[in-house]
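Here are a few short exercises to work through with the model open. Try each one yourself, then read the solution.

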Amino acid sequence: MFASIATIMVASMALVGCSSGSTTAEGEPDTSLTVGLLATPGNLDYTTTAGAAIPQALLYNVYEGLVKLDNDGTIIPLLAESWTVSDDGLVYDFLLHDGVTFSDGSPFTAESVKFSLERVKDNWTANGPAYLDPIASIEVVSDTEARIILSKPSNSWLFNMSGPVGTMFTESALADLATAPVGTGPYTVSSFKTGDSLVLAANADYWGEVPYMTDVTLRYFTDATAQTNALLSGDINLISGISQFQLVDQFKSNTDFQVLEGASTGEVTLSMNNASDAFSDVRVRQAVMYAIDRQAVMDTANSGYGLLIGSMVPPTDPWYDESLADLYPYDPDQATELLAEAGVSDLTVAFKIPNLPYAVAGAQVVKDQLAKVGITADVTVLEFPAVWLDDVFSSHDYDMSLIMHSEPRDVNAFAAPTYYAGYDSPAVMAKFAEADAADATTYVELMKEATTTMAEEAAADWLYLQPAISLADADLLGVPKNTPSLALDLSTIAR
Amino acid sequence: MVLVVLRRMGVFATTVVVASIVTFLMLSILPGNAARIALGVQATEADVAAQATAMGLDRPAVVRYLDWFGRVLIGDFGTSTVSRQAIGPEITDALGITVILVLTSVVLALLFAIPFGILTAVRQRKPDGAILSGISQIGVAVPGFLAGMLLVTVFAVTFRWLPAGGWVDPGENFKEFLEHLILPAIALGSVQGAVLSRYVRSSVLEVMREDFIRTARAKGLGAGRALFRHGLRNAAVPVMTVLGLQIATLLVGAVVIERVFSIPGLGSLLLDKVALRDLPAVQGIVLVLVVFVLALNFLVDLAFTLIDPRLRSAA
């Protein structure tokens with residue numbers, strides 16, 4: 001989703017404080033880590049507050065669910081040791097790890113599973129409580145066995161359980177979710193100063209393997225240059241997911257640092273209001289597809305970093321189809337022809353973009369390229385998130401916008417007729433529904449068909465996939481390369 | 001004298017009330033929906049409307065204003081719609097940081113401006129005086145944020161002597177506190193120091209032409225002694241006025257410097273809260289800033305009467 005534009009996180013690992021590298025003065029291993037991020041959490045309660053900043057810091061670190069996504073985007077066990085699914089796809093039997101406790105000492109059992117998941121429907125207002133709609137009932141079979149029964153088979157359900165909505169809470173610590181989160185994870189929150197820092201300490205009673213880094217400080221920056229300066233000066237050790245790519249090259253030639261390039265789930269999207277007069281005709285949208293040189297936009301907005309995708313699917317999803325990147329090659333003549341065919345001339349569109357660096361830079365290139373085929377784009381820069389959300393997202397008062405959709409597997413949401421894109425295809429929606437209920441193989445096929453149709457019908461121009469670039473101190477190991485989920489998993493990082 | 005103070009306090013109170021109304025009105029016409037920001041893009045319009053009700057955003061503006069300002073009068077700034085913490089402590093924490101930063105930069109500015117200003121005045125017609133004067137002109141022309149970025153590039157990134165930003169409370173680690181304070185304080189104070197030195201210079205030049213200095217010289221005092229014994233106190237009056245105004249400017253300048261150095265002061269807090277449309281918090285912060293600036297001017301006025309006995313009788 002777009003909220004994450006604001007939440008792109010940059011964690012940078014430089015030498016902390018000094019250049020001592022892997023050991024402290026006493027020769028002990030240095031197990032403290034400072035990560036530089038953009039977009040601070042306003043509070044620590046992701047059950048009622050949107051945005052990627054809170055799950056980025058807390059998910060998999062402080063909070064855990066039954067399953068998690070590994071760095072390649074595969075669902076793996078977490079609090080559930082294993083699980084079985086009935087042949088009809090409706091009954092999930094989870095075997096839970098024994099002897100797990102929350103950081104306040106209360107035990108984690110199948111009762112916690114029932115309590116946490118049943119709480120979502122009525123108490124969660126953010127981060128997609130509807131993801132758990134397929135659940136019909138939850139049974140406590142024993143302390144370590146939980147049975148979840150679905151009302152219909154759902155392929156996306158277990159994936160969504162790896163995100164925030166699948167988090168396990170204890171009833172004993174719900175009073176102050178905004179400042180004092182209590183989970184079963186490898187870290188606990190030791191302090192939080194909004195706009196400044198969040199300090200995590202290793203949970204000594206963690207049920208799993210205790211992480212290498214015992215003290216982790218997440219420091220929040222408002223400016224990408226300040227962030228890279230902090231890495232260069234040794235104030236921080238890691239920037240995970242840098243947002244301004246012109247800042248990357250200086251680190252490539254510097255042996256004190258490593259540059260890790262991975263895949264994100266952030267599709268930078270030139271959205272067209274399919275319900276507006278300007279873009280209700282598919283030929284006009286296709287004309288835009290031919291009119292835009294996506295490589296040129298990526299070169300300008302992202303210093304060339306990124307991947308041309310042509311659909312709303314990143315390579316970490318099983319239904320990724322790389323051929324879609326070439327579906328609409330840059331061809332202004334074809335664009336002009338399509339416009340003439342649609343009977344459109346002198347088209348002027350309201351191009352409302354958020355005040356984010358990549359959008360402002362990219363919009364300029366888009367505007368120039370549209371002008372070449374006779375489309376005038378009136379660019380208005382709106383404050384993000386406040387005004388953009390109001391004008392474009394809620395009121396649909398726009399023809400064209402440019403924004404990154406960073407949430408994993410958000411293509412279904414994008415296709416909903418009530419969504420701001422205004423794309424209305426009952427056939428595609430039916431296919432998504434069919435896919436969700438199908439067996440694993442058919443699921444992938446049907447998802448591929450539906451997302452291909454969306455690309456062919458030019459529901460939007462998915463310009464490129466934002467790369468996940470991490471900049472780190474050269475001696476750091478196990479830095480997560482990809483960002484398949486919202487979480488920044490700190491448990492694998494070592495020196 | 002008492003009457004003057006009372007009258008000024010009346011003006012002070014009225015200004016605060018007017019400022020609170022203006023702040024409230026301006027924020028209520030600002031586009032953007034706090035409830036939508038809180039719930040994000042996955043929430044439905046119905047969810048957002050329910051959230052707005054829960055936040056009290058659907059009440060009439062007059063009710064919201066009276067409710068807010070009434071509480072402020074008894075010292076309750078309310079609860080942040082974003083952090084869900086009491087706003088009062090959030091503001092005082094951030095204000096403490098900004099005040100430390102501003103006062104340090106004022107001290108640095110004075111330490112630079114007074115000797116430099118006097119020197120350029122005394123050496124007015126000498127080549128070195130002209131060169132010094134030119135230097136201060138350059139200081140005036142360099143914006144604080146640029147000075148900040150240059151300082152970071154040189155002292156943090158290149159030499160790694162000092163941190164590039166961030167903040168450590170003095171109680172936590174005093175040495176690190178000073179290390180984090182020095183660059184932003186210099187960046188913030190440099191422009192004001194240069195500006196102030198030019199006021200000191202012109203004020204000293206003016207005083208040196210006064211009759212009482214000529215009289216002092218006629219009694220046999222040297223130029224330096226005449227200036228130090230009789231001149232500086234007189235030269236201080238206009239400089240004080242400027243300093244009072246400058247502290248207000250520094251509070252605003254701190255907003256930018258806090259961003260450059262990622263310092264969690266009042267400016268950073270204000271910008272964060274505006275972005276999230278945390279209106280109760282924004283209103284509180286703006287009101288605190290207004291009161292702070294007014295109080296400052298009030299104190300400067302009082303200080304005049306102490307420095308200059310002539311202003312006492314005039315009152």
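**Exercise 1.** Work out how many residues each chain gives to the contact, and what kinds chain B brings.

*Solution.* Start with the count: 37 residues come from chain B and 36 from chain A, where a contact needs C-beta atoms, placed from the backbone, within 7 Å. Next, look at chain B's side: the elements giving two or more residues are α2 (34-39), α3 (45-54), α7 (144-158), α10 (223-260) and α11 (266-275) of chain B. Finally, sort that side by type, and you get 18 nonpolar, eleven polar and eight charged residues.

A quick note: this is a predicted model, with local features needing pLDDT of at least 70 and side-chain atom pairs pLDDT 80 or more, while totals for chains, interfaces and linings use all residues. Residues count from 1 along each chain as its sequence is written, and chains are lettered from A and ligands numbered from 1 in the order written.

**Exercise 2.** Describe how α6(A) and α8(A) pack.

*Solution.* First, find helix α6 (residues 282-291) and helix α8 (residues 332-341) of chain A; their axes lie 7 Å apart at an angle of about 165°. The pair is therefore roughly antiparallel (over 145 degrees). Then pick out the touching residues, among them A:Y290 of α6(A) and A:L338 of α8(A). By type, this contact has eight nonpolar, two polar and two charged residues.

**Exercise 3.** Is B:S20 buried or exposed?

*Solution.* Locate B:S20 in helix α1 (residues 2-28) of chain B. B:S20 has 21 C-beta neighbours inside 10 Å, so B:S20 is buried (20 or more are needed). Leaving out residues up to four places away in sequence, B:S20 touches B:F69 and B:L287.

Terms used:
Contact = placed C-beta atoms within 7 Å. Helix = DSSP H or I, 4+ residues; strand = E, 2+ residues; numbered from the N terminus. Nonpolar A, V, L, I, M, F, W, Y, C, P; charged D, E, K, R; others polar. Axes fitted to C-alpha atoms, helices over the stretch in contact; angles between N-to-C directions. Parallel < 35°, antiparallel > 145°, perpendicular 65-115°, else oblique. Buried ≥ 20, exposed ≤ 12 C-beta atoms within 10 Å, placed from the backbone.
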